[in-house]
Structure formats: C-alpha cells, structure tokens
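Please examine the sequence and the structure shown below. The paragraphs that follow lead through the open and enclosed spaces, the cysteines, the aromatic rings and the charged pairs.

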Amino acid sequence: MRGKSSRDLFPYTFREGQEEALEFLQSHFPEKNICLDAATGFGKTPIILSVLLMDEWPVLWTVRTGNETDRPVEELKAINEASDGNFFGFSYRGKRDMCLLARDRDVDSYRGVSTLCDREKENCQYYERLKTGFNPERLAGKPLLYSEIMEKCREHGVCPYYAQQELLGYADLVGLSYNYIVHEGIGWAIRNKLPFRLCNLVVDEAHNLRRAGNVNSDKITLGTLRYAIGEMEEFDTSRGSEVREFIEDMWSEAEIEDMWSENGVAFIGTVKGDNLELERWDMRSAEILGDRWEEFRSATFCSGTLKPIPAFAETVGLEDWEGSSFEAGFVRLCPTAPFPAR
Ligand code: SF4
C-alpha cells in the first residue's frame, strides 16, 4: 500500500509485545516461513495481516473450521477503517453453506448438496443469473463476511458458491478452511483462480496440524461395503456378487486386529462388534504437508501452543523457518533458536 507501513495498518494502539512481534515478522517475511507462538488474545491476526498486506500478493488465511473464516475478514475491516485502506477480502465457504437451491429444497447434507448441484447446475436459475448478469467488481469493494455474501447473492438471485469463485481474483485476503490447502483433491477450485505460488499462506491455530496424520488417510467399514455391494447388485448382479464373495472371505479371516504397511502407508483392519473397519493411514504426513508449504510464496504458522517450535516444524515438514514466542509484557525466544537466527 503506497506511502504506508505495516505500523500504519495496525488498527489498534500497540500493547506490550505486539511491536516486537510485528518487527519479527517484518524482518523475515517473505524470505522465510514463520512460526509465531502467542497466547489467544495477544492480537496475532491484526499483527500478521498488517505485515502481509503490505506485500502485493494475496493472503490465504486458513482456519480449522468454516465457522472461523470470518475472523480475519473482521480484522481486515478494522484495518481498512484505521488506515483509510481499500483492501478487499472475504470468507470462502463450501457448497453446503453456499447453495441457494439446496436451501430452497431443504437439502442439508454435504453429499446431498453436492449431488444436487452436479445434477441441477445447468438448469439452476441462480447459476444462470450468475453467468448472465453478475459483475464481481460490484461486490469486490468492501470486505465481506460469509453472511454478507449470502445476503447480497440472495438479493440478486445469483449462486453464492460460484460468485465467491469469481471474487477470488479480486481478493487481498481469503479466509478458508485448512482442507482446501491440506487435501489436494479439493483445493483445485481455489488454485484455478489463485495460483498458490502467488499467495502468502497463513495457518491459524496451527497446532491442529499435528493431528493432520490423517492426510491421505481414509477408512471404511464392512457395513458400508455391504451397502455399496447391494447398490452394485441392483445395476450389475455379477460384479456385485464377486465383490460380496471377496468381502465375505476377508471377513471370515479377520478375527483379530491386523495391520500391515507398504511404503509408509499402513493398512489396518479392526473387528468392531459384528463389523469390520478397514483403515488406510498415511504415515508420511510430514513429507506430504512439507510439499504443500513449498507451493506457496510464504507460509506463516501461528497459535498459542506451538512450543516447542522446532518439534512443531519437524512434525509438519516445515523447512527454512524462523520462529519466536511472544507474551504480553515480554518476548520469549524459541528455546533452541537464539533470536533472530535459528
Ligand atoms: S449452481 Fe449454485 S445454487 Fe445452483 S445448485 Fe449449484 S451451488 Fe446450488
């Protein structure tokens, strides 16, 4: 932002520790990935935004659940107000939250909404209006919370889900769930409009990533398989029966918990009452996640519980990083890393 500094963007009077945190970020961004540990209420969000927004590239602010996507957008509003700025940003939500047709028809489940859209999109009045009469520039003026996008799209009769995709190209900040970043299969909708290599990633409450061992992992029960076989038999009797035979054989042999692994992927079979659960668990989470961070221009991780930071960085496969822990009143250095160098 021409003629301004990060200090000008910070929308509040600095409290103890906050200036140090801002300077720490400024001195390493964007050359290094950053781990910032500070308690809830310290003001991590406005500090990080004040530094990252000075860069010309957009910020992808990721949070654990869709419900938390509004938080950075609220701070963006405060930054605009305090600095007379004109940053645009919004909360990005999935189809289940954004489909107007599903609301009209009382469809609520994730799968139900997804199927509805696959089937009806080409005939959907909201999609039709989006394609014929929607000008994203008219919405991309002020930061928008999820509820504000819904309200405006409802008013104009356009599909909010696809409207937000059009808005991606105008955004200085997008608040969205980790899932779009961590799980490769669902991030395409974002990356098509906002190539990750041009984005500065923020992972909020990043300690949750320690539990991201379930990346590329999945499980299914015998009950679900039997249900699926039933559906297969409805359409193709021979294939359904073949699979049923295979599953029944496997079931008769699976009397105890069993586990085998191949190339870092474990396969676990667990007998649960009269059901069998089959689990594929990818144990290479550090490797998988590490590849994700590499895709971005920079990555910043923040939380109140990142310590010990070196262990956190190792768990999530982070390289080339600087980390520090801040508390109101004083700065505590990363235990194994004398500030500022690691
Ligand atoms: S195009 Fe939009 S409103 Fe229409 S079914 Fe798909 S998500 Fe729902």
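What is the volume of the largest pocket? In this predicted model, the largest pocket has a volume of about 910 Å³. It is lined by 31 residues, and those closest to its centre are Tyr 110, Ser 177, Asn 179, Tyr 180 and Ile 186. Two or more lining residues come from each of the helices H5 (95-98), H7, H11, H12 (179-182) and H13. Sorted by class, the lining of this pocket comprises twelve nonpolar, 13 polar and six charged residues.

The next topic is enclosed space. Rolling a probe the size of a water molecule over the atoms shows where empty space is left. A search of the whole structure finds two cavities of 30 Å³ or more. The largest cavity has a volume of about 120 Å³. Its lining consists of 14 residues, with Cys 99, Cys 117, Cys 124, Cys 159 and Tyr 162 nearest the centre. Helices H6, H7, H8 (125-133) and H11 each give two or more residues to this lining, and H7 gives the most, with three residues. By class, eleven residues of the lining of the largest cavity are nonpolar, none are polar and three are charged.

The second largest cavity has a volume of about 30 Å³. Its lining is made up of Thr 62, Tyr 178, Ile 181, Val 182, Leu 201, Val 203, Leu 209 and Trp 293. Helix H12 and strand S5 (200-203) are the elements that give two or more residues to it. Seven residues of this lining are nonpolar, one is polar and none are charged.

The cysteines at the largest cavity raise a further point. How many disulfides does the structure hold? A disulfide is a covalent bond between the sulfur atoms of two cysteines. The structure holds zero disulfides. Two of the cysteines nearest the centre of the largest cavity are Cys 117 and Cys 159. Cys 117 has a relative accessible area of 12% and therefore counts as buried, and Cys 159 is likewise buried, at 9%.

Aromatic rings come next. A pair of aromatic rings is described by the distance of the centres and the angle of the planes. The count comes to twelve aromatic pairs. One of them is formed by Tyr 92 and Tyr 180, which meet edge-to-face, at 5.3 Å centre to centre and with 85° between the planes. Tyr 92 lies in the loop between strand S3 (89-91) and H5, whereas Tyr 180 belongs to helix H12, so that the pair links parts of the chain 88 residues apart. Both rings are in buried residues: Tyr 92 has a relative accessibility of 1%, and Tyr 180 one of 13%. A contrasting geometry appears in Phe 196 and Phe 296, which form a stacked pair, 4.7 Å centre to centre and with 20° between the planes. Phe 196 lies in the loop between H13 and S5 and Phe 296 in the loop between H16 and S10, so this pair ties together parts that are 100 residues apart in sequence. Phe 196 and Phe 296 are both buried. Ring pairs also link Tyr 92, Tyr 127, Tyr 161, Tyr 162 and Tyr 180 into a cluster.

The last topic is charge. Side chains of opposite charge can pair when their charged atoms come close. The count comes to 13 salt bridges. In one of them, Asp 55 pairs with Arg 297, the closest N and O atoms being 2.8 Å apart. Asp 55 sits in the loop between helix H3 (44-52) and strand S2 (59-63), and Arg 297 in the loop between helix H16 (285-294) and strand S10 (298-303), 242 residues apart. Is each partner buried or partly exposed? Asp 55 has a relative accessibility of 16% and so counts as buried, while Arg 297, at 32%, counts as partly exposed.

Another salt bridge joins Lys 193 to Glu 166, with the closest N and O atoms 3.9 Å apart. Lys 193 is in helix H13 (residues 188-193) and Glu 166 in helix H11 (residues 160-167), 27 residues apart. Lys 193 is partly exposed, with a relative accessible area of 39%, and Glu 166 is also partly exposed, at 26%. Finally, salt bridges that share partners join Arg 7, Glu 19 and Glu 23 into one network.

How values were computed
Residues are numbered from 1 along each chain as its sequence is written. This is a predicted model: local features need pLDDT of at least 70, side-chain atom pairs count only at pLDDT 80 or more; totals for chains, interfaces and linings use all residues. Side-chain values use heavy atoms; hydrogens and water are left out. A salt bridge is a side-chain nitrogen of Lys or Arg within 4 Å of a carboxyl oxygen of Asp or Glu. Helices (H or I, at least four residues) and strands (E, at least two) are DSSP runs, numbered from the N terminus. Buried means under 20% relative accessible area, exposed over 50%, partly exposed in between (1.4 Å probe, protein chains only). On a 1 Å grid over the protein atoms alone, a cavity is a set of points where a 1.4 Å probe fits but cannot get out, and a pocket is an open set with protein on both sides within 12 Å along at least five of seven lines; lining residues have an atom within 4 Å of a point. Grid points are joined across faces, edges and corners, and a volume is the space filled by probe spheres set on the points. Ala, Val, Leu, Ile, Met, Phe, Trp, Tyr, Cys and Pro count as nonpolar, Asp, Glu, Lys and Arg as charged, and the others, Gly among them, as polar. A disulfide is a pair of cysteine sulfur atoms within 2.5 Å. Rings of Phe, Tyr and Trp (its six-membered ring) pair if their centres lie within 6.5 Å; planes under 30 degrees apart count as stacked, over 60 as edge-to-face and the rest as tilted.
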